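Open the structure in your viewer and keep the sequence beside it, since each stop on this tour asks you to select something and then says what is there.

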Amino acid sequence: MQVHTTTLVSGVLLILIGLLFLRFTGSAGITGVLGAGDTADLEVMLQERITAALAAVPGWVLSGLAAIAAGVWLLRRARLPGEGVSSTQGAGPAAARTPAGAHRR
């Protein structure tokens, strides 16, 4: 059995992250640079500003924008080359190399 260095490093990092989560009760205790009180105040202030900015926008506008975005995504996905079903799809690599008139034995 061989252990590659990247596998070893990623394993050690995952163990350290797991220990941090156990120590700080998930990510609840990791507050970042500002501290717990500052981030809570910042979140409330941002929520109030976003709510005030979106209060003037009717709900149907947001729903319409979401529907348009979904339609554009579906159209772009439908137009991608190679998305169609070919006759050799699912038959394996041998079927793709077999000429059209040839029979398998």
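A residue is called buried when its relative accessible area is under 20%. With that cut-off in mind, select the whole protein chain of this predicted model, where buried residues make up 2% of the 105 residues. The accessible surface of the chain comes to about 9,500 Å², and 67% of that surface belongs to carbon and sulfur atoms.

Next, colour the chain by secondary structure, which comes to 4 helices and 0 strands, so that, read from the N terminus on, the elements run α-α-α-α.

Then colour by confidence. The mean pLDDT of the chain is 78, with 66% of the residues reaching 70 or more. Select helix 3 (residues 59-78), where confidence is highest at a mean of 93, and afterwards helix 4 (residues 93-97), where confidence is lowest at 55. Where pLDDT is low, the predicted coordinates should not be read in detail.

Now select helix 1, which covers residues 5-23. At 1.5 Å a residue, the 19 residues of helix 1 should span 27 Å, and the end C-alpha atoms are indeed 27 Å apart, so the two values agree. Following helix 1 you will find Thr-25, whose phi is positive, near 55°.

Within helix 1, select Ser-10, which counts as partly exposed because its relative accessibility is 35%. A polar atom of the Ser-10 side chain lies 3.0 Å from the backbone oxygen of Thr-7.

Staying in helix 1, move to Leu-19, which is likewise partly exposed, with a relative accessible area of 48%. Which nonpolar surface patch does Leu-19 help to make? To see this patch, of about 1,100 Å², select Leu-19 together with Met-1, Val-3, Leu-8, Val-9, Val-12, Leu-13, Ile-15, Leu-16 and Leu-22.

Conventions
Residues are numbered from 1 along each chain as its sequence is written. This is a predicted model: local features need pLDDT of at least 70, side-chain atom pairs count only at pLDDT 80 or more; totals for chains, interfaces and linings use all residues. Side-chain values use heavy atoms; hydrogens and water are left out. Patches are made of residues with over 30% relative accessible area and no salt bridge: like charges are joined within 9 Å, nonpolar side chains (Val, Leu, Ile, Met, Phe, Trp, Tyr) within 5 Å. Accessible areas come from the Shrake-Rupley method with a 1.4 Å probe; for residues, only the protein chains shown count as cover. A salt bridge is a side-chain nitrogen of Lys or Arg within 4 Å of a carboxyl oxygen of Asp or Glu. Helices (H or I, at least four residues) and strands (E, at least two) are DSSP runs, numbered from the N terminus. Buried means under 20% relative accessible area, exposed over 50%, partly exposed in between (1.4 Å probe, protein chains only). The expected span of a helix is 1.5 Å times one less than its number of residues. A polar contact is a pair of N or O atoms within 3.5 Å; within protein, one must be able to donate a hydrogen and the other to accept it, and residues adjacent in sequence count only if both atoms are side-chain atoms. pLDDT is the predictor's confidence in each residue, from 0 to 100.
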